[in-house]
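Trainee: I would like to go through this model with you, from the overall shape down to single side chains. Please show it first.

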Amino acid sequence: MLNVNRFLKAIGSPLVQALQSLITAVITASYFPVRFRAARTIVLRKPQKLDYTNPGAWRPIALLSTIGKIIETVAARWLSDLAEREKLLPDTQMGNRRSRSTETALDMLTEQIYTVWQEKDSVASVLSLDIARAFDTVNHLRLLDNL
């Protein structure tokens, strides 16, 4: 791996230019080649397991195309920057945004509660939902249409 990293660093600017051209072509054509989406799954032994006949003693790992991951990362960054620049997200959206964290969300919540407490006839309520698996059963085509 060390030799590969040295090789990539040695290529430098020509590699960056080639990747820029490839990413531009993918975005312009609105086509992400199948080769970049393909994964090879390998299975590794979990350390210190007593019984390797048990499937839980193994860990599957999906190896993805590095170029595909680079393209996805650049596209995600581009979309994120676009959403921020065009103010497409509400100020209360905290997840997956730069300069926003759990601490930012808690500060906002605390500030809102203190503001409500200042008003004599108001009550502050908090509803917390864990929606980690909410999108497992959602109709993805409908979700994409709504987005």
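**Overall shape and local detail**

Mentor: The protein has a radius of gyration of 23 Å, whereas a compact globule of 147 residues would have one near 15 Å. The model is predicted.

Trainee: What does the C-alpha trace span along its principal axes?

Mentor: The radius of gyration, 23 Å against near 15 Å for a compact globule, is one number for the whole protein. The principal axes give three spans for the C-alpha trace, and these are about 65 × 50 × 35 Å.

Trainee: What share of the residues counts as buried?

Mentor: A residue counts as buried under 20% relative accessible area. The protein exposes about 13100 Å², with 58% of it supplied by carbon and sulfur atoms. Of its 147 residues, the buried share is 8%.

Trainee: In which order do helices and strands follow along the sequence?

Mentor: The protein has six helices and two strands. Read along the sequence, they give the pattern α-α-α-β-β-α-α-α.

Trainee: Which element has the lowest mean pLDDT, and which the highest?

Mentor: The average pLDDT of the protein is 86, and 96% of the residues score at least 70. Among the elements, the lowest mean, 73, belongs to helix α1 (residues 2–11), and the highest, 92, to strand β1 (residues 39–45).

Trainee: Among contacts between residues at least 6 apart in sequence, what share joins residues at least 24 apart?

Mentor: Contact here means heavy atoms within 4.5 Å. With pairs at least 6 apart in sequence as the base, the share that joins residues at least 24 apart is 25%.

Trainee: L44 is in strand β1. How far apart in space are L44 and W78, C-alpha to C-alpha?

Mentor: L44 is partly exposed because its relative accessibility is 41%. Leaving out residues up to four places away in sequence, L44 touches A57, W58, R59 and I61. L44 and W78 are 34 residues apart in sequence, and their C-alpha distance is 35 Å.

Trainee: Is S65 buried or exposed?

Mentor: S65 sits in the loop between β2 (58–64) and α4 (66–85). Beyond four places in sequence, S65 touches R35, F36 and A38. The relative accessibility of S65 is 17%, so S65 counts as buried.

Trainee: Which backbone nitrogen does the side chain of S65 reach?

Mentor: A polar contact needs a pair of N or O atoms within 3.5 Å. The side chain of S65 comes to 3.1 Å from its partner, the backbone nitrogen of G68.

Trainee: How are the planes of F32 and F36 arranged?

Mentor: The whole structure holds three aromatic pairs. In one of them, the ring centres of F32 and F36 are 6.0 Å apart and the planes stand at 55 degrees, so the pair is tilted.

Trainee: And what kind of aromatic pair do Y114 and W117 form?

Mentor: The ring centres of Y114 and W117 are 5.4 Å apart. Their planes are 75 degrees apart, and over 60 counts as edge-to-face. The pair of Y114 and W117 is edge-to-face.

Trainee: Why are Y114 and W117 separated by about one helical turn?

Mentor: Y114 is partly exposed because its relative accessible area is 46%, and W117 counts as exposed at 57%. Both belong to helix α5 (residues 102–118), and the separation is about one helical turn because they are three residues apart.

Trainee: R97 is in the loop between α4 and α5. With which side chain does the side chain of R97 make a polar contact?

Mentor: R97 counts as buried because its relative accessible area is 9%. Aside from neighbours within four places in sequence, R97 is in contact with E84, L89, P90 and D91. The polar contact, at 2.6 Å, is with the side chain of E84.

Trainee: What is the phi of S99?

Mentor: S99 lies in the loop between α4 and α5 and is exposed, with a relative accessible area of 78%. S99 is not a glycine, yet its phi is positive, at about 65 degrees.

Trainee: And what is the phi of K87?

Mentor: K87 is found in the loop between α4 and α5. K87 counts as exposed because its relative accessibility is 69%. Although K87 is not a glycine, its phi is positive, at about 55 degrees.

Conventions. Residues numbered from 1 in each chain as written. Predicted model: local features only at pLDDT ≥ 70, side-chain atom pairs only at ≥ 80, totals over all residues. Heavy atoms only, no water. Helix = DSSP H or I, 4+ residues; strand = E, 2+ residues; numbered from the N terminus. Buried < 20%, exposed > 50% of the residue type's maximum accessible area, 1.4 Å probe, protein only. Polar contact = N/O pair within 3.5 Å; in protein donor to acceptor, adjacent residues only side chain to side chain. pLDDT = per-residue confidence, 0-100. Rg over C-alpha atoms; globule rule 2.2 N^0.38 Å. Areas by Shrake-Rupley, 256 points an atom, 1.4 Å probe, with all protein chains shown as cover. Phe/Tyr/Trp six-rings, centres within 6.5 Å; stacked < 30°, edge-to-face > 60°.
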